[in-house]
Amino acid sequence: MKRLSVQIIRTKKELRTQITEWHMKGLKVGMVPTMGALHHGHLSLIREIQKHVDKVVVSIFVNPMQFGPHEDFDKYPRSETADIKKLDQVGTDLLYAPEVGEIYPDGFLTTVSVTKITEGLCAAKRPGHFDGVTTVVTKLLLQCLPDVALFGEKDFQQYTVLKQMAKDLDMPTEVMCGRLIRDDDGLATSSRNVYLTPEERQIALEIPKTLKQIISEIEDGTQTIEESLEKGTQHLLDSGVKEVQYLEIRQSDNLEPLTRTFGETSPLLARILVAAVVGKTRLIDNMPIKIFF
Ligand code: AMP
């Protein structure tokens, strides 16, 4: 059997030792935090960060703190052996895969929380979710102290929150965004797509199609924003989507609601974002959109 070149580490102590050794040699370290069940989206982030750093650390940690009591923590897909193979093939230097007790030892009492950006969109139906994300990412970044950390555009609100957090807390890590990867049929690649039956997947495909339709209506000026979003929501429900949790357009840089600035000559770069439930699976997607006032 071929020897793996990816180094596997499970404790923060060993992680620190290795990262310090790399930093002492003047090497630049990048980190891609994940929850495993690795797919093309994750692998694309690894290939992207390889362009910016000398050594790549990927973490796999299914973080209990970011799941609500009725969410899928227990049945979240876990496939470490297959993940390690993929990490090795793509040339990852180090996998950090800690146990829950390594991240949240007995007596753990701290929460890291970002305000405002964490108040709407995904937060509305997932109270406490972003506190779980910001707390674990703070811990992972402090344990690893990477020069760069890369997060996917797929979770656009998460990326925006983490960028703000790193800036506000003067973290010595540059937070970057990697492009959203889709399956060949257009569905945003996600570890949770394995939950979808073939019929549900057909319904889920209406999500990216609807976003594209809304973007063309609004950018071409054939519909108002309000009309187009309402029509899009109704179309998703008519197609068999069980619930549209949100379908909104926000400003790209801070996710604030759109504000009409009269006299603007150039379009506002915005994001259309959606969360929808298909069968029992909650799916999210987003795309850039230009708003002409
Ligand atoms: P997860 O394992 O789902 O927590 O995701 C780990 C990282 O991979 C996060 O930064 C996600 O935004 C990113 N990611 C997940 N799916 C995709 C995708 N389809 N395209 C790009 N990045 C993704």
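## Two sheets and a ligand

Q: In what order do the strands of the open sheet of six strands stand?
A: This is a predicted model: local features need pLDDT of at least 70, side-chain atom pairs count only at pLDDT 80 or more, and totals for chains, interfaces and linings use all residues. Residues are numbered from 1 along each chain as its sequence is written, and side-chain values use heavy atoms, leaving out hydrogens and water. Strands (E, at least two residues) and helices (H or I, at least four) are DSSP runs numbered from the N terminus, and two strands pair if DSSP finds at least two bridges between them. With parallel pairing, the order here is β1-β4-β3-β2-β5-β6.

Q: Which strands are the edge strands of this sheet?
A: Look for strands that pair on one side only. They are β1 (7-9) and β6 (174-178).

Q: What is the average twist from one strand to the next?
A: Axes are lines fitted to C-alpha atoms (for helices, over the stretch in contact), and angles run from 0 to 180 degrees between N-to-C directions. From one strand to the next, the twist averages 25 degrees.

Q: Which residue of β5 is the bridge partner of methionine 31?
A: β2 and β5 run parallel and are joined by two bridges. In β5, the partner of methionine 31 is alanine 149.

Q: Which strands does helix α3 touch?
A: Helix α3 (residues 80-89) packs on the sheet, with its direction at about 165 degrees to that of β3. Contact means heavy atoms within 4.5 Å. The strands touched by α3 are β1, β3 (55-60) and β4 (94-96).

Q: Why is one side of β7 and of β9 left without a neighbour in the sheet?
A: These strands belong to an open sheet in the order β7-β8-β9, with antiparallel pairing. β7 (243-251) and β9 (281-291) stand at its edges, so one side of each has no neighbour because each has a single partner strand.

Q: How many bridges join β8 to β9?
A: One bridge pair is arginine 271 with proline 288 in β9. Strand β8 (residues 268-278) and β9 run antiparallel, and the number of bridges joining them is eleven.

Q: Which residues come nearest to the ligand?
A: A residue is near a molecule if one of its heavy atoms lies within 4 Å of it. There are 17 residues around the ligand. The nearest are His42, Gly152, Asp155, Ile181 and Thr189.

Q: How much of the ligand's exposed area does the protein bury?
A: A polar contact (N or O atoms within 3.5 Å) links a ligand oxygen to the side chain of histidine 42 at 2.9 Å. Another ligand oxygen distance, 2.8 Å, leads to a backbone N or O atom of glycine 152. Accessible areas come from the Shrake-Rupley method with a 1.4 Å probe. Alone, the ligand exposes 480 Å², of which the protein buries 93%.

Key:
A polar contact is a pair of N or O atoms within 3.5 Å; within protein, one must be able to donate a hydrogen and the other to accept it, and residues adjacent in sequence count only if both atoms are side-chain atoms.
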